[in-house]
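Visitor: I am new to protein structures, and I would like to learn how to read one. Could you walk me through it?

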Amino acid sequence: PTPQNDVPDDAVVAKVDGMPVTAGEIRKNMLVMPREFVQLFNQNPKYAVQQLFMLRYLSEEAERTKLGDESPMKEQLAFLRANAMASALVSHEHNFYPVTDKMVKEFYERNQARYQQAKIKVIYIAFKPSAPVVGTVPQNQTIEDVARSLSEGAVAKTQRTEADALKLAEDLVKQIRGGADFAKLVAEYSEDPTSKAAGGDFGVVNTNSSYSNDVKKAVLALKVGEVTDPLPQSNAFYIIRVEEKTVQPVNELSGPIGEEIRQAHLNEWLAGVSKRFDPAVENVQFFTQPKVAVPGV
């Protein structure tokens with residue numbers, strides 16, 4: 001099929017109620033439609049266009065007969081509009097709150113500990129994963145960066161059980177903490193060819209890395225030269241040593257910091273609005289017996 005973006009905006013793609021409809025007209029409507037309607041269009045474009053023009057017709061007829069001026073429709077429409085406008089204001093307060101370079105820098109300087117990063121070396125001890133139960137997903141998935149450099153051949157060939165792999169990994173950690181040469185142990189035991197060829201080098205870990213949370217938490221808690229306990233993943237244990245610790249440059253964090261500042265501002269702003277309109281109860285019965293206070297609700 002021809003991709004939609006190959007159809008020019010002025011191309012007539014259908015006739016509805018005898019009137020020509022262009023691709024541009026439909027695209028313009030899709031830009032402001034709820035996500036559910038866009039999903040409907042993706043599943044059945046012809047039906048979605050039919051519903052769009054039916055909705056437009058029925059709405060225009062209701063306006064012509066002034067149904068919107070009658071209760072309770074008048075009040076319901078006012079509430080829907082108020083709700084939409086309130087949501088728009090909340091989004092505007094977040095999206096357009098001015099975040100300056102100075103604000104980012106000050107936030108960065110106050111939160112240096114959060115932006116540590118660690119250069120690491122890894123020893124990878126593979127084991128033969130047990131067959132998963134059909135319909136289940138293993139709780140410990142392989143981290144993306146490890147999976148990228150993982151030797152599938154090494155995993156396929158090993159017959160080592162998970163228990164044996166853990167025992168070996170724990171022994172290696174004990175040796176390293178006792179002063180053994182990490183690089184020699186990498187050369188002798190690590191089963192990830194890519195990092196093994198680089199002496200165990202495995203890049204940098206920081207809070208924005210794609211590593212799993214257990215890896216990031218364990219690594220960033222270490223001092224230079226320290227090693228983690230064996231970290232289990234789906235088909236291996238990882239022993240990670242911190243080679244160097246630095247702080248991420250502020251220019252790499254301006255986006256996330258800016259978003260955090262905007263969200264903090266929004267939370268504070270909403271708390272102020274919420275406090276302003278918190279009812280000071282003067283009639284307890286009304287608020288403790290709502291069905292009696294407002295019959296029929």
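Guide: Let us go from the whole chain to its strands and then to single residues. Keep in mind that this is a predicted model.

Visitor: How many helices and strands does the protein chain have?

Guide: There are 14 helices and six strands in the protein chain. Of its 297 residues, 27% are buried. The chain exposes about 20,300 Å², and carbon and sulfur atoms supply 56% of that area.

Visitor: How do strands join to make a sheet?

Guide: Strands of a sheet pair through backbone hydrogen bonds, in either a parallel or an antiparallel way. Here, an open sheet of four strands has antiparallel pairing and runs in the order β4-β3-β6-β5.

Visitor: Which strands stand at the edges of that sheet?

Guide: β4 (201-206) and β5 (231-232) do; each has a single partner strand, so one side of each is left without a neighbour in the sheet. To see one pairing up close, look at β3 (residues 116-126), which is joined to β4 by four bridges. In that pairing, alanine 118 is opposite valine 205 in β4.

Visitor: And what do β1 and β2 form?

Guide: They form a hairpin, with two residues between the strands. β1 (residues 12-16) and β2 (residues 19-22) are antiparallel and share four bridges. Alanine 14 faces valine 21 in β2. In the turn, look for aspartate 17, whose phi is positive, about 55°.

Visitor: Now a single residue, please. Is histidine 94 buried or exposed?

Guide: Histidine 94 counts as buried because its relative accessibility is 11%, and the cut-off for buried is under 20%. You will find histidine 94 in helix α4 (residues 73-95).

Visitor: Which residues is histidine 94 in contact with, leaving aside its neighbours within four places in sequence?

Guide: They are Glu259, Arg262, Gln263 and Leu266. Right beside it in the sequence, the side chain of asparagine 95 makes a polar contact with the side chain of histidine 94, at 2.8 Å.

Visitor: Which residues form a nonpolar patch on the surface?

Guide: The patch is made of Val281, Val284, Phe286, Phe287 and Val294, which together have about 450 Å² of accessible area. Take valine 281 as an example: it sits in the loop between α12 (254-276) and α13 (284-288). Valine 281 counts as partly exposed because its relative accessibility is 46%.

Notes. Residues numbered from 1 in each chain as written. Predicted model: local features only at pLDDT ≥ 70, side-chain atom pairs only at ≥ 80, totals over all residues. Heavy atoms only, no water. Buried < 20%, exposed > 50% of the residue type's maximum accessible area, 1.4 Å probe, protein only. Polar contact = N/O pair within 3.5 Å; in protein donor to acceptor, adjacent residues only side chain to side chain. Contact = heavy atoms within 4.5 Å. Patch = residues over 30% accessible without salt bridge, like charges linked within 9 Å, V, L, I, M, F, W, Y side chains within 5 Å. Areas by Shrake-Rupley, 256 points an atom, 1.4 Å probe, with all protein chains shown as cover. Salt bridge = Lys/Arg side-chain N within 4 Å of Asp/Glu carboxyl O. Pairing = 2+ DSSP bridges.
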